[in-house]
Amino acid sequence: MKLRKQVTVCGGAIFCVAVFSLYLMLDRVQHDPARRQNGGNFPRSQISVLQNRIEQLEQLLEENHQIISHIKDSVMELTDTGAVSPSGHLPFRSANGSWVLPFDGRPTFLAVKPQDCQPALGSHGQADVQMLDVYSILKFDNPDGGVWKQGFDITYEPDEWDSEQLQVFVVPHSHNDPGWIKTFDKYFTDQTQHILNNMVVKLAEDPRRKFIWSEISFFSKWWETADVHKQEAMRKLILGGQLEIVTGGWVMTDEANVHYFAMIDQLIEGHQWMERNLGITPRSGWAVDPFGHSATMSYLLKRANLTSMLIQRVHYSIKKHFASTRSLEFMWRQAWDTGSNTDIFCHMMPFYSYDVPHTCGPDPKVCCQFDFKRLPGGRINCPWKVPPKTVVDANIAERANLLLDQYRKKSKLYRSKVLLVPLGDDFRYDKALEWDQQFMNYQKLFDYMNSHPEMHVQAQFGTLTEYFNAVYKARGVAQGSRPADYPVISGDFFAYADREDHYWTGYFTSRPFYKSLDRVIESHLRGAEILYSLAVANARHVGMDGRYPVSDYALLVDARQSVGLFQHHDAITGTAKENVVTDYGTRLLRSLIGLKRVIINAAHFLVMKNKEFYRFYQTEPFLETDDRRPRYLVLFNPIEHERLCVVTVLVNTVRVRVLTEDGQTLPVQLSAQWSSNLCPTVLPPSIQATFMVRLPPLGLAVFHLYDSPDSPMTLRSDTLLRQSGRGVTSRAADPLPVRSQPSDPQTFYISSQSLTLGFSGDTGLLESIKRKDDPQEVKVQMQFIVYGTRPSKDKSGAYLFLPDGKAKPYNQKEPPVVRVVEGPLFSEVVAHYQHFQQTIRIHNVPGVDGLSIDFTTMVDIRDQTNKELAMRLDTDIQSGDVFYTDLNGFQMQPRRHFLKLPLQANFYPMPSQAYIQDSHHRLTLHTAQSLGVTSLESGQLEVIMDRRLMQDDNRGLGQGLKDNKKTTNRFRLLLERRSMGNKVRKHDGFFAKLSSLFHSFFFKILSDGVQEVMLPCATTSFPSILSHMTNYFLNHKVLALPVLPKRRGIPPLQTFAPLKSNLPCDFHLLNLRSIQSQDPHSPSPYTALILHRLALDCDLDAPNLGFNCTTTQGQVSTRTPLFSS
C-alpha cells in the first residue's frame, strides 16, 4: 500500500513539473524582450512555429500522463504477486511458484484515438445484397432445369430487340495454367509458345480479329525468347486494340489460400513488366478458373485502377439465383465501405464452365456445335453426339439462327442488350488450324447476322474491355460507374460447388507443407525487400553503392517471380501433379536460398559501425542464416514496430552468457533439443538458449554470446516426462536433467505472468485458458479427429472434400508421452502421438509475445489411407452458428453454419485467422499457413491439418494426394475479453473533457451496436490491435543471423534502427519494394512504400503491447521523414 502511494505521489509530482515547465516556457516567450521588437509583433512564421511547438508539448504531456499511469499499473501488478526481487535485477521464483523477470524498465502506453475505431464501430456498407443473406434464403436444392441442368428454361419474345438491337461481343481466349498437369516450362515448350507465335501471325491477317491474354508469367517468357520483329508485331497488335492483356498479374491467382501480400506482389510484378515492355496498364480483370472468389481481389483490382472484372466459378445455386433476378452484373462493394469508393463493375458468367459448350447460351448441346475445333476428324468431339458443321452458304442461315437463339436466351439473364460470349478453353489456339477454324467460321456467321437487319443483332469479335465499354455506353454512364438499376453486392463467393454436393473445400488444406513453405518465403521476401532497399539507399547516401552488391537485385526478382508463380490457382491450392508440385517446391527453395543471401549481405552493410571497414566477398559471407555456434548474433525484426519477444538459438555449452550491445546481461533459459524418438539431445550444438530481447522496428540489433562461468542470469529449464510404463533415468552428470513420473488423469497447469493453461492428464492436450486479468477460466478443450471419405463412386480428392459422415475421435493404442518444460522465459507442454506431435508454449514476457499461446502441430500421416486429420477446439463461448474467417489476411468475413448444407459446405479458407466470440470473450486462432476451417457447433473451431487421399476426384488432375510430407503447422491462440467501456484517454482540458464525455456517451451507443456483430445480419467484423500484432509476430519471425568467425577479428558492429519517426500502430508496412529500371536485373532510384491502415475492434480489452502504440486518424506525417538518412 505504501508503494502504491509513493508511485501515485511520484507520478503526480512529475506531472506537475511538466505542467509548470510548460507554463514557464510560454511565460518566457511572452516576456522575452528580444521577441517584442517590431512593436511586439511576431512574424507570422514564428507564430506558426510556436503553435506547432505548443501542439507537440500537448502531445508530450498526454504521453507523459499515460506513461505515469502505466508505470503505476505495472508496479501494482508486481506488488500484487507478493514478490519483491531480492537483488532488483535477477530472475527468481515467487511464493506461488511462478517466475518473475527483471523489470524491463521501459514503460509503454497504448493511445488509440476514438476516431480510429470508426472503421469498426461506424455504419456498415449500404449494399443491396449481402451474400450472407443470400445463403440464408436459398434452399440449395438442385432440380433439373432442362437443357440448362442447373438453371431454368429461358424464353423470349421475337420482337424484344426491334427497338434496340442485340450487341454481341465474342471474345477469343486461351486459358494457360502456369503448371498443372505439366510443369510451367513443359507447358510453355509444348503449347504456350505456339499459341503466342500463332497469335502474332493470325491476328495480323484480319484487323477484325481480337484476342485476350492473362498470364504475364508465360507472356514474359515468350517475350524473352522472341526476336525483335515478333516483339514489335505483338506490341502493334496490343496498341492497335486487337490483343488485350487482362488483369495483368503474373498468374491468375488463387483467391482462397493466398495472402494479400503475395496477391499484390504478383500483380505489381505483372503490371511493372507490362509498363516497362509494352507501355500499357490493364483495364479489366479476368478470373475464369479460381475455385471461388474473394472480395479482397475485387478491392485490389479497384485500387490498381481497373474499372471492370469478370468471375466464373461460383456455386451453381447462387448463379441460378443471380440469373433469375438478372443480377449477374453488379457493383461489387466491400462490406466495410460506407460509401461507394470500393465499387467495381463485375460480370458473373452464368453457366457451368468457361469452355465453348457453356458460354454461347444455356444449351451446351447447341453451343458445342459452334466450337469449330471439334469438327469431325479432330482429336476432340462433342459429348452430346451432335458435331459442329463447317459454315457454308447452304447452311449459314440455319446455323446463324440457331446460334442467335442461344445468344438471345443468354442475354435475357442480363440487364443490358450487350452480350459477352467467351470463345476458348484450356491451352486453345496452339495450332494454326484452330485459328482458321474458329475465326473464319465465326466471321461468316457475323457477316450474315450483320447483313440481315431483320435479325436485329450486331455481332463481332471483341476484347473484354470493348464489351464493358459497350455496356457503359448503352447504359449512359462513364467507364466503371454504376448503371442506374444495377445492384450493389457485398461479400464473397465461397464455398464453390460445381454440381450436386461436390464442394471444392478440400483444396483449402491440400498439401499443407507447400502452403506453409510459401508463407515462410513470403516473409523472407518481404524482409529481403526491406533490408535491400534500406541498404542500397544507405550505400548511395554515403557514396558506397559501387562497393555494395547491388546485383543482389536479380535474386529479389527471381524470388518475386517464383512466389508469384506459386500463387497460381493450381499451385498454392495443392491441385497439381506430383512432379509439378516438386517443380514449384524446387523453385521456392532456390528463391529462399537467394533471399537469405540478400538478407545477410544487406544486414552486413547496415550493422557496420564504420562503413570504411565494409568489404563484400562473394565467397566469404559475413553473416549466416543457419543455426551455428555464434559469438556475435545479429537479430532482424521485420515488423514496423518495436518488438519485445523471446529468441532461441542453438549453443554448444550450458555456460552461456548473452550481452546486449551496451553490455547488459540478459536472462537466458537453457533447454535441451529433443529428437523425434523422445530423447533429449545434449551433444553440441544442441542446447537451446532462449533470451528476451527488445528490437527496433525494421531494425537490426547486435548481441554477444560467450562462454562464461555460471551466471545467475542463466537458468536451466525444469523438464518432466509424464508417461505410462516407461521411464527416463536422470543422471546427475546430465547438463540438463530430466525428471520422470507416471501419467495420471489429474489436470496439470503451466503459468506465465499473463496466462494459466490447464492440460488433460490423460491426453496432454489443452483444456482451459485463464487470463491473469480475468476471473473467469475459459474452457478451451483441444481434440484431434479424423474424417474418412465416401465409399461410393465420388470420393474426396485434391479439390473436393466428400467425407463419410461426421468426424471420429483420433485414437491410438498407447497413451501419449507428455513432456512438460518450465522456466523463467517460457513454459511448454509437448504431447507425442503416433501421427502428430503437439507443442503448446507460453512466453513469460510482457507485451504481445506473452499474451497469446504459441503452438505447433507436427503432422505425419504418410501411413494412412483416405484419412484427413483435424484439430477441434471445443469451448464454452456461446458463439451460436456464427464464426469469422479472414479473406487473404486482409479482412474478416462473417460465416454461418447452415444445417441445410452438407458438412463439407460449411468449411472455408483460413489464410491467417478465424475466431468465435460472444458478449464476454473472443477466441482467435491465428495461423502461419492457409488451412480449411469451420465451426460445426456453438463454441467450436475446427481445422483440417492434412489430407491423404488415394484417388482422383474427377476434376482433371488424374491423381490423389499421396505425396504427403511431415509438416509443421504453426499457430497462435489468443483469448481476449470484451470490454464494457472505452478506456482511451483524450487531451486534458475543459473542451477535451467535454469531448471525452460526449465520446463516452456515443461510444456506449456504438458499443451496444457492436453486440450486433454476433447476430446473423452482421456484415463486418475486425481484429483488435493486439490480434493484428499477434498475427505479425506469428508470420514474421525474428531472423537470427550469426556472425561468422573471422581470422582478422570482428569489426565494430552497431544496432541499425532505420525509422526516424514511429509509424502509427494501426499501420502495417506491407512492403518497401525497389522498383525495376529498364534493365530488369537492376533497381531504379525509386522505392515503393506500401502501407496498409488496419481497421480495429476497440471493444476488446487493450493490454500492454510492449511498445508505445498511438494512432493518428490515418495520417502519416510528411513533415518528419519516416526513415533516417
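Helices, as counted here, are DSSP runs of H or I with at least four residues, and strands are runs of E with at least two, numbered from the N terminus.

**Figure 1. Overview of the predicted protein chain.** The model shown is a predicted one, and its protein chain holds 20 helices and 48 strands. Of the 1125 residues in the chain, 59% count as buried, while the surface that the protein chain exposes comes to about 44500 Å², with carbon and sulfur atoms supplying 53% of that area. When contacts between residues at least 6 apart in sequence are considered, 75% of them join residues that are at least 24 apart.

**Figure 2. Close-up of Asn-469 in helix α15.** Asn-469 belongs to helix α15, which spans residues 464-475. Is this residue buried or partly exposed? Because its relative accessibility is 27%, Asn-469 counts as partly exposed, given that the buried class ends at 20% and the exposed class begins over 50%. The side chain of Asn-469 is joined to that of Gln-479 by a polar contact of 3.4 Å. Thr-307 is 162 residues away from Asn-469 in sequence, yet the two C-alpha atoms are 9.9 Å apart in space.

**Figure 3. Close-up of Asp-552 and the residues around it.** Asp-552 is placed in the loop between α16 (512-541) and α17 (553-566). With a relative accessibility of 0%, Asp-552 counts as buried. Leaving aside residues up to four places away in sequence, Asp-552 touches Tyr-532, Arg-597, Val-598 and Asn-601.

**Figure 4. Close-up of an aromatic pair formed by Trp-223 and Trp-273.** The structure as a whole holds 60 aromatic pairs. In the pair of Trp-223 and Trp-273, the ring centres are 5.7 Å apart and the planes stand at 85°, so the pair is edge-to-face, since planes over 60 degrees apart are placed in that class. Trp-223 lies in helix α7 (residues 216-225) and Trp-273 in helix α9 (residues 260-277), so the pair ties together parts of the chain that are 50 residues apart in sequence. Trp-223 and Trp-273 are both buried.

**Figure 5. Close-up of an aromatic cluster, with two further views of charges over rings.** One aromatic cluster is formed by Phe-211, Phe-370, Phe-372, Tyr-429, Trp-435, Phe-439, Tyr-442, Phe-446 and Phe-461. In a second view, Lys-611 lies over the face of Phe-605, at 5.3 Å from the ring centre. In a third view, the ring of Phe-1033 has the charged end of Arg-643 sitting over it, 4.5 Å from the ring centre.

**Figure 6. Close-up of the disulfides Cys-360 to Cys-367 and Cys-368 to Cys-382.** A search of the whole structure finds four disulfides, and their pattern is 1-7, 2-3, 4-5, 6-8 when bonded cysteines are counted along the chain. One of them joins Cys-360 to Cys-367, with 2.0 Å from S to S. The torsion about this S-S bond of Cys-360 and Cys-367 is about -90°, so the disulfide is left-handed. Cys-360 is buried, with a relative accessible area of 2%, and Cys-367 counts as buried at 0% relative accessibility. Another disulfide joins Cys-368 to Cys-382, with 2.1 Å from S to S. The link of Cys-368 and Cys-382 is left-handed, with -100° about the S-S bond. Cys-368 and Cys-382 are 14 residues apart, and each is placed in the loop between α12 (364-367) and α13 (396-411). Cys-368 is buried with a relative accessible area of 0%, and Cys-382 is buried with 6%.

**Figure 7. Close-up of the disulfide between Cys-1065 and Cys-1109.** What is the handedness of this disulfide, which joins Cys-1065 to Cys-1109? The torsion about the S-S bond of Cys-1065 and Cys-1109 is about 60°, so the disulfide is right-handed, and the distance from S to S is 1.8 Å. The pair links distant parts of the chain, 44 residues apart, with Cys-1065 in the loop between β45 (1039-1043) and β46 (1067-1076) and Cys-1109 in strand β48 (residues 1109-1110). Cys-1065 is buried, with a relative accessible area of 1%, and Cys-1109 counts as buried at 0% relative accessibility.

Conventions: Residues are numbered from 1 along each chain as its sequence is written. This is a predicted model: local features need pLDDT of at least 70, side-chain atom pairs count only at pLDDT 80 or more; totals for chains, interfaces and linings use all residues. Side-chain values use heavy atoms; hydrogens and water are left out. Buried means under 20% relative accessible area, exposed over 50%, partly exposed in between (1.4 Å probe, protein chains only). Contact means heavy atoms within 4.5 Å. Accessible areas come from the Shrake-Rupley method with a 1.4 Å probe; for residues, only the protein chains shown count as cover. A polar contact is a pair of N or O atoms within 3.5 Å; within protein, one must be able to donate a hydrogen and the other to accept it, and residues adjacent in sequence count only if both atoms are side-chain atoms. Rings of Phe, Tyr and Trp (its six-membered ring) pair if their centres lie within 6.5 Å; planes under 30 degrees apart count as stacked, over 60 as edge-to-face and the rest as tilted. A charge sits over a ring if NZ of Lys or CZ of Arg is within 6 Å of the ring centre and within 35 degrees of the ring normal. A disulfide is a pair of cysteine sulfur atoms within 2.5 Å.
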